[in-house]
Amino acid sequence: INYPKHTNMPPRSRSRSRSTSRSKAATKSPSSKSPGRKKSPSRSFTKSRSRSASRPPAPTGNSVRVLTFNIRGFFDRFNERCPFMLDTITRVNPNIACFQECMVNNAGVDKMIAKSLSEHNNYSPYSFHSDASIVTNIKEYGTQGTDYDKVTVTIFSGLITAICLIVRIPIIGSILARLPLLLEKIREITGHITGVDIFSLYYVFLGPFFGISCVVDEKRCRIGSPKNDVLVYQPFETKTSKRLHLGTAQRIKIMGQDNKPLFWIVNIHYCSITNDVGKKIREEETQRVLDWMKPKLKETGGRVVIVGDHNTLMKKENVCKLYEKAGYSSAYKKVHGAEPKSTWPSGLKAIYMDVDGPMEGVCLDFIWTKGNLSVSNAGLAGDIPHKDDETLYPSDHVGIWADVEVS
């Protein structure tokens, strides 16, 4: 897919105050006749400077820069966000970048990011390792354990399986990979005009291309075996409920250039249900990830980095306590003494922006380290709006990066 291009824009240091009142209503004008966001700049991003934080200093010594970023798929003004998102990621210049809500396989957003980072670093080799989470769930467990009626699940699973087979045909696969982006644009236009949300009509076309991905700088790091190991969070009924979240986690063994193991990198994206059931599911998913990693600790000398969107949306979530109890510590907190006040919502405004959560802001994204790993620096990515549009951000989440080194 030919996505909007970007240029490596000059750094521009800015400060701003975060809005503390963001809701779906904010996307309407006072007259409620049209969206209240500013009209997107008509000129290309390549002709204007982005408002972005200045580049963080390069990692020191043998540090590896790790980034986690929920990039919001094809949703919420993707064509406008895409160049800004690429520029933001390139500025951070991570050695390992883990993405959630990433368009993968034929849709190739992770491939595009890897190419952008490679070009920025004199064509240094970058690899990408992805998992289409819904497809993996269907392959592993089919319709078992889901909390929906069997007819609906069977049809849904059958359609996605059929699409996965069809996308192997080069030309047809390319066309199908474009459909989610095209249909999302139609959805936004239709929503502005009629107020009708057509998402449910095309959700099935999103399944084969929606998931998580990890991009790795192979000049700085090597990939151990297996190259991309995947965990399905909820294979069958859990203690709380039937399978409500078709999510996965991925782990990759990161090696140094001397082929000695540095650490495991684990990319997660937990359940986003905003009630007590969702809260309990997140705790169960966290424990499954921790248990999944226990047998693998010896392979890297006990060193693990777990990153991602934890969706800790409820008050008194226990997810962080579970990590700390298992011997993990927050990289950002190590450096700054506290977690960021908010990593969601970023300030992005769109007609169908996600408003299911505390809109005053909450920290959902974390980098956790375990073992003899030191953190020399950490910061945020994508927390400042575009120069020409105060409602345009790289994503609805703010990314977090950290420089990690074996101590």
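pLDDT is the predictor's confidence in each residue, on a scale from 0 to 100. I need that up front, since what I have open is a predicted model.

**Entry 1: confidence**

I looked up the chain average first. The mean pLDDT of the protein chain comes out at 84, with 81% of residues at 70 or more. Then I went for the poor part: residues 7–52 have pLDDT below 50. That stretch still makes 108 contacts in the model beyond near neighbours in sequence. I'm noting those contacts with the low score beside them.

**Entry 2: the sheet**

Next I traced the strands. I find an open sheet of six, running E3-E4-E2-E1-E13-E12, with mixed pairing. Strand E3 (126–131) and strand E12 (373–381) sit at the edges, each pairing on one side only. From one strand to the next I get an average twist of 20°.

I zoomed in on one pair. Strand E1 (residues 64–70) runs antiparallel to strand E13 (residues 399–406), and five bridges join them. Across that pair, Arg-65 faces Asp-403 of E13.

What packs on the sheet? It's H1, which touches E1, strand E2 (96–103), E12 and E13. The direction of H1 makes about 160° with that of E1.

**Entry 3: the cores**

I went looking for nonpolar clusters. The largest core holds 44 residues. Ile-71, Ile-89, Phe-99, Met-103, Val-109, Ile-113 and Ile-160 have the most contacts inside it. Helix H1 (residues 78–92) is the top contributor, giving six residues. As a rule, nonpolar side chains in soluble globular proteins tend to be buried together.

Apart from that core there is another, of 24 residues, including Val-64, Val-375, Ala-378 and Val-404.

I picked Phe-99 and listed its partners, skipping anything within four places in sequence. Phe-69, Ile-71, Ile-89 and Ile-113 are among them. So are Gly-211, Ile-212, Ser-213 and Val-215, and also Asn-267.

**Entry 4: cysteines**

How many disulfides does a search of the whole structure find? Zero. I wanted to know why for Cys-363, so I checked its closest cysteine sulfur: that is in Cys-320, 7.3 Å away, which is too far for a bond. The cut-off I'm holding it to is 2.5 Å between the sulfurs.

Buried or exposed, for Cys-82 and Cys-363? Cys-82 is at 0% relative accessibility, so I put it down as buried. Cys-363 is at 12%, and because buried means under 20%, Cys-363 counts as buried too.

Notes. Residues are numbered from 1 along each chain as its sequence is written. This is a predicted model: local features need pLDDT of at least 70, side-chain atom pairs count only at pLDDT 80 or more; totals for chains, interfaces and linings use all residues. Side-chain values use heavy atoms; hydrogens and water are left out. A nonpolar core is a set of buried Ala, Val, Leu, Ile, Met, Phe, Trp, Tyr and Cys residues joined through side-chain atoms within 4.5 Å. Buried means under 20% relative accessible area, exposed over 50%, partly exposed in between (1.4 Å probe, protein chains only). Helices (H or I, at least four residues) and strands (E, at least two) are DSSP runs, numbered from the N terminus. Contact means heavy atoms within 4.5 Å. Two strands pair if DSSP finds at least two bridges between them. Axes are lines fitted to C-alpha atoms, for helices over the stretch in contact, and angles run from 0 to 180 degrees between N-to-C directions.
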